[in-house]
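Biologist: I have not looked at this one before. Can you take me through it?
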Amino acid sequence: MRVPNSVVLPVGTHTDCCQEADVEEKRGDIMSKIAAMLEERRSNLSHFINNLEGSEESEFYVDQWERLKEMENHTLTILNLIPVNCTDGRDIKKLEAVILEHVRNEELFPEVVRVLPPVYRQVEAAIVDVAQSEEMADHGMMDFQYLLSKLSHREHLANLGRELLQDILRYLHRIGLVIWYEEIEHLENTVFLQPTFLITMFKLLVRYRLVQQLESIS
């Protein structure tokens with residue numbers, strides 16, 4: 001919801017645990033809940049913006065108002081949910097085909113026809129090489145400046161500069177190869193070369209009914 005012009009493809013798993021009629025019912029239920037969530041978000045943003053605009057000291061909240069207006073203008077496209085049986089390879093292939101069909105859709109992704117400079121692919125390959133090297137820690141975290149130094153020591157990337165690497169990291173962040181939170185002050189100098197580590201960490205911290213699970217421990 002914080003990424004401009006996001007496209008989201010909901011995927012419902014464990015269809016093998018459901019009756020065929022239940023799958024369609026659950027799909028409709030999930031999509032209606034997503035629609036309600038988006039409407040609640042729109043309503044909340046509008047409420048917060050109106051409160052700031054109506055404040056007697058609104059000049060003190062200009063930054064906050066601008067951030068909210070920016071979020072309000074972000075479009076969010078929700079595609080139809082795809083039900084998947086993860087134990088069936090055919091369903092995985094079906095999901096893969098649906099994803100490819102969507103990402104090739106120029107209406108959804110206007111930049112799909114953009115041709116990237118060769119250096120983007122060269123840096124991408126070099127980062128994959130660094131991430132898979134034996135010296136790379138399991139967490140895959142690396143200081144931005146250190147990453148720039150390692151990449152620029154490669155002969156074909158000797159002219160790689162800070163600004164160009166930043167542009168390339170933004171692209172690699174968008175396609176999910178790396179994670180780089182450049183807008184977060186405490187993380188702007190850290191590049192996560194192993195996004196799966198973050199997923200594993202978040203799964204430990206953010207869990208369904210976590211509070212109830214903790215309360216059940218004597």
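Modeller: We can go through two helices, then the aromatic pairs, then the cysteines.

Modeller: This is a predicted model, so local features need pLDDT of at least 70, side-chain atom pairs count only at pLDDT 80 or more, and totals for chains, interfaces and linings use all residues. Residues are numbered from 1 along each chain as its sequence is written, and side-chain values use heavy atoms, with hydrogens and water left out.

Biologist: Which residues of helix α5 are buried?

Modeller: F144, L147, L148 and L151 are the buried residues of α5, which runs over residues 144–152. Buried means under 20% relative accessible area, exposed means over 50%, and partly exposed is in between (1.4 Å probe, protein chains only). Helices are DSSP runs of H or I with at least four residues, strands are runs of E with at least two, and both are numbered from the N terminus.

Biologist: Where do they sit around the axis of α5?

Modeller: They fall within an arc of 100° seen down the axis, so they line one face of the helix. The arc is taken from the directions from the helix axis to the C-beta atoms.

Biologist: What covers them?

Modeller: The cover includes α4 (118–131), β5 (141–143), α6 (162–174) and β6 (190–192), where contact means heavy atoms within 4.5 Å.

Biologist: Now the aromatics. How many pairs are there?

Modeller: The count is 3 aromatic pairs. Rings of Phe, Tyr and Trp (its six-membered ring) pair if their centres lie within 6.5 Å; planes under 30 degrees apart are stacked, over 60 edge-to-face, and the rest tilted. One of them is Y120 with Y171: the centres are 5.8 Å apart and the planes at 65°, so the pair is edge-to-face.

Biologist: Which parts does that pair tie together?

Modeller: Y120 is in helix α4 and Y171 in helix α6, so the pair joins parts 51 residues apart in sequence. Both Y120 and Y171 are buried. Another pair is F144 and W180, with centres 5.8 Å apart and planes at 20°, so this pair is stacked. F144 belongs to helix α5 and W180 to the loop between α6 and β6.

Biologist: Last topic. How many disulfides?

Modeller: The count is 0 disulfides, a disulfide being a pair of cysteine sulfur atoms within 2.5 Å.

Biologist: Why is C17 not bonded to C18?

Modeller: The sulfur of C17 is 6.3 Å from that of C18, the closest cysteine sulfur, which is too far for a bond. C17 is exposed, at 60% relative accessible area.

Biologist: And what about C86?

Modeller: C86 is in no disulfide either, and its nearest cysteine sulfur, that of C17, is 9.9 Å away. C86 counts as partly exposed, at 47% relative accessibility.
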